[in-house]
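Hi there,

Here is the structure I promised to pass along. Have a look at it first, and then read on for my notes on its charged side chains.

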Amino acid sequence: QVQLVESGGGLVQAGGSLRLSCSASGTLVGAKTMAWYRQAPGKQRELVASVTNSANTNYADFVKGRFTIARVYLKNTLYLQMNNLKPEDTGAYYCTAQFIAGPVGTYWGQGTQVTVSS
């Protein structure tokens, strides 16, 4: 089993920045893909950004140029740097990891709330 714990959410004004962190209970070496998703009230959960174990990144069009995803193996942590935040970025942000070695499976964190005021 792997536990993922997100942190770094909060209330910020439009145009501001936040950095989300997702700390894993163990090594990230066996994680093929890690990603951030978000879910706004009344909407479906959607992919924000992902990164593979080959360091390939993928971003949703609505965050390209504003958000940056990064995984730091030495800290067992996944980050999401969010700049130039917009009110439509408001929602609960979730970290997920797909492990293909070690504790095989897909794991989710409990989420962290991001609220952007206009």
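**Salt bridges in the model**

Arg38 and Glu46 form a salt bridge, and their closest N and O atoms lie 2.9 Å apart. Please keep in mind that this is a predicted model. Arg38 is buried, because its relative accessibility of 6% falls under the 20% cut-off. Its partner Glu46 is partly exposed, at a relative accessible area of 31%.

The count of salt bridges comes to four. As general background, side chains of opposite charge can pair when their charged atoms come close.

Another of the pairs is Asp89 with Arg66, where 2.7 Å separates the closest N and O atoms. This pair links distant parts of the chain, with the two residues 23 residues apart. Asp89 sits in the loop between β8 (77–82) and β9 (91–99), while Arg66 belongs to the loop between β6 (57–59) and β7 (67–72). Both partners are buried: Asp89 has a relative accessible area of 0%, and Arg66 has a relative accessibility of 9%.

Which residues do shared partners join into one network? They are Arg38, Glu46, Arg66 and Asp89, connected through salt bridges that have partners in common.

Asp61 also forms a salt bridge, with Lys64, and here the closest N and O atoms are 3.2 Å apart. Asp61 is exposed, because its relative accessible area of 63% is over the 50% cut-off.

Happy to hear your thoughts whenever you get a chance.

Best wishes

Note on methods: Residues are numbered from 1 along each chain as its sequence is written. This is a predicted model: local features need pLDDT of at least 70, side-chain atom pairs count only at pLDDT 80 or more; totals for chains, interfaces and linings use all residues. Side-chain values use heavy atoms; hydrogens and water are left out. A salt bridge is a side-chain nitrogen of Lys or Arg within 4 Å of a carboxyl oxygen of Asp or Glu. Buried means under 20% relative accessible area, exposed over 50%, partly exposed in between (1.4 Å probe, protein chains only). Helices (H or I, at least four residues) and strands (E, at least two) are DSSP runs, numbered from the N terminus.
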